[in-house]
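The exercises below are meant to be worked with the sequence and the model side by side. Try each task before reading its solution.

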Amino acid sequence: MRSWKKLLSLTAACALSVSLLAGCSGTTTPATETSAVGSGDAATDGKMFNVALTAAFTGFDPLRTNDSASTYVNAQIYETLYRIDPETDEYVPLLAADMPEYSEDGLTVTVKLREGVTFHDGTPFNSEAVKYTFDLIKDPEFGSSRASIAGSIESMECPDDYTILFHLLYEDGVFTAKLAHTNSAIVSPTAQQNQDLMVEPCGTGPYKFVSSVSGSNVVLTRNEEYWGEKPAIKDVTMTIITDESTPGPRRAAARRVHRILRHMDMCLKVCSPPRAEARP
């Protein structure tokens, strides 16, 4: 309960700073109300929540980007098999249904997957999608930004739609951490084969991509078919505010928003369980 009070306090402070940011920029777009609980609240629907990014994002493919701004955006769109619980600092399942099971020799890792999850394009989330993602990470021609995540994987197999087996080259003591890293977020095989995820992302996360202007902003909207608790905030615009182009007061407000959102573990869901980026 204490953590939720802290989260709501941080959100209120964020809204205040965003209001200051809006005032400095001359826009009249209101900050989202911060007292809403759950999805579809009248206080948040129909209002755009404005967030300042203090660095430019490079793209929206979680397997090919590694900068902090892109990671921040992608964390709202994509999900990993596991995440860090910010209260316990322990790994817990996200797209996985249970914690991984390791064989006695540590060379085979069995992961059970969450059922009833779909990607934003309607593609089912299953073991083949997980295998496809890690095959991309392993493929040197694909150009993964963190290929070392799959460095210990020799092969994979999918005995059924919701079970994947990782066969390892050696016992990997940080394998669970790798499955929780933002650069191992699961992508839609259909979308990856038919569009450029760097400019048109598609994940399973609580927010869906709407549009973006390179070097300027990205617009997200709530995923109404999200498998978990839906975000309280429906629409979000993330605008790049750089030191070189921003007047002093607006820049200060942008920095304050950035600090607050980092404390919120990049969680725009406000009243939903927070997700934390896996630590390297």
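**Exercise 1. Decide whether Asp89 is buried, partly exposed or exposed, and describe its backbone setting.**

Solution. In this predicted model, Asp89 has a relative accessible area of 46%. Because buried means under 20% and exposed means over 50%, Asp89 counts as partly exposed. As for its setting, Asp89 belongs to the loop that runs between strand S2 (82-84) and strand S3 (91-93). Its phi is positive, at about 65°, although Asp89 is not a glycine.

**Exercise 2. Establish how strand S7 (residues 163-168) is placed, first through its pairing and then through its burial.**

Solution. Begin with the neighbours of the strand. Strand S5 (residues 108-112) is joined to S7 by five bridges, and the two run antiparallel; within this pair, Thr108 stands opposite His167. Strand S6 (residues 153-160) also pairs with S7 in the antiparallel sense, again over five bridges, and here Asp160 has Thr163 as its bridge partner. The connection between S6 and S7 is a hairpin with two residues between the strands.

Next, consider the faces. In a regular strand the side chains alternate between the two faces of the sheet. For S7, one side carries Thr163, Leu165 and His167, the other carries Ile164, Phe166 and Leu168, and all of these are buried, which leaves both faces covered. Since six of the six residues are buried, S7 is largely enclosed by the rest of the structure. As background to this result, buried residues make up 51% of the 280 residues in the protein.

**Exercise 3. Work out which strands stand at the edges of the open sheet of four strands, and what follows for them.**

Solution. The order of this open sheet is S1-S10-S9-S8, and its pairing is mixed. Reading the order from its two ends, strand S1 (48-53) and strand S8 (207-213) are the edge strands; each has a single partner strand, so one side of each lacks a neighbour in the sheet. From one strand to the next, the twist averages 20°.

The partner of S1 can then be examined in detail. Six bridges join S1 to strand S10 (residues 235-240), and this pair runs parallel, with Phe49 standing opposite Val236.

**Exercise 4. Describe the surroundings of Pro189, including which residues it touches beyond four places away in sequence.**

Solution. Pro189 is found in helix H5 (residues 189-194), and its relative accessible area of 15% makes it buried. Leaving aside residues up to four places away in sequence, Pro189 touches Phe119, Thr123, Ala129 and Tyr132. The C-alpha atom of Val130 lies 9.1 Å from that of Pro189, although the two residues are 59 residues apart along the chain. For the protein as a whole, residues 24 or more positions apart account for 61% of the contacts with a separation of 6 or more.

**Exercise 5. Characterise the second largest cavity by its volume and by the residues that line it.**

Solution. The structure holds two cavities of 30 Å³ or more, and the second largest contains about 30 Å³ of space. Its lining consists of Gly116, Val117, Thr118, Thr204, Asn223, Glu225, Tyr226 and Trp227. Sorted by class, this lining has three nonpolar, four polar and one charged residues.

How values were computed: Residues numbered from 1 in each chain as written. Predicted model: local features only at pLDDT ≥ 70, side-chain atom pairs only at ≥ 80, totals over all residues. Heavy atoms only, no water. Buried < 20%, exposed > 50% of the residue type's maximum accessible area, 1.4 Å probe, protein only. Pairing = 2+ DSSP bridges. 1 Å grid on protein atoms, 1.4 Å probe; cavity = no way out; pocket = protein on both sides within 12 Å on 5 of 7 lines; lining within 4 Å. Points joined across faces, edges and corners; volume = space filled by probe spheres on them. Nonpolar A, V, L, I, M, F, W, Y, C, P; charged D, E, K, R; others polar. Axes fitted to C-alpha atoms, helices over the stretch in contact; angles between N-to-C directions. Contact = heavy atoms within 4.5 Å.
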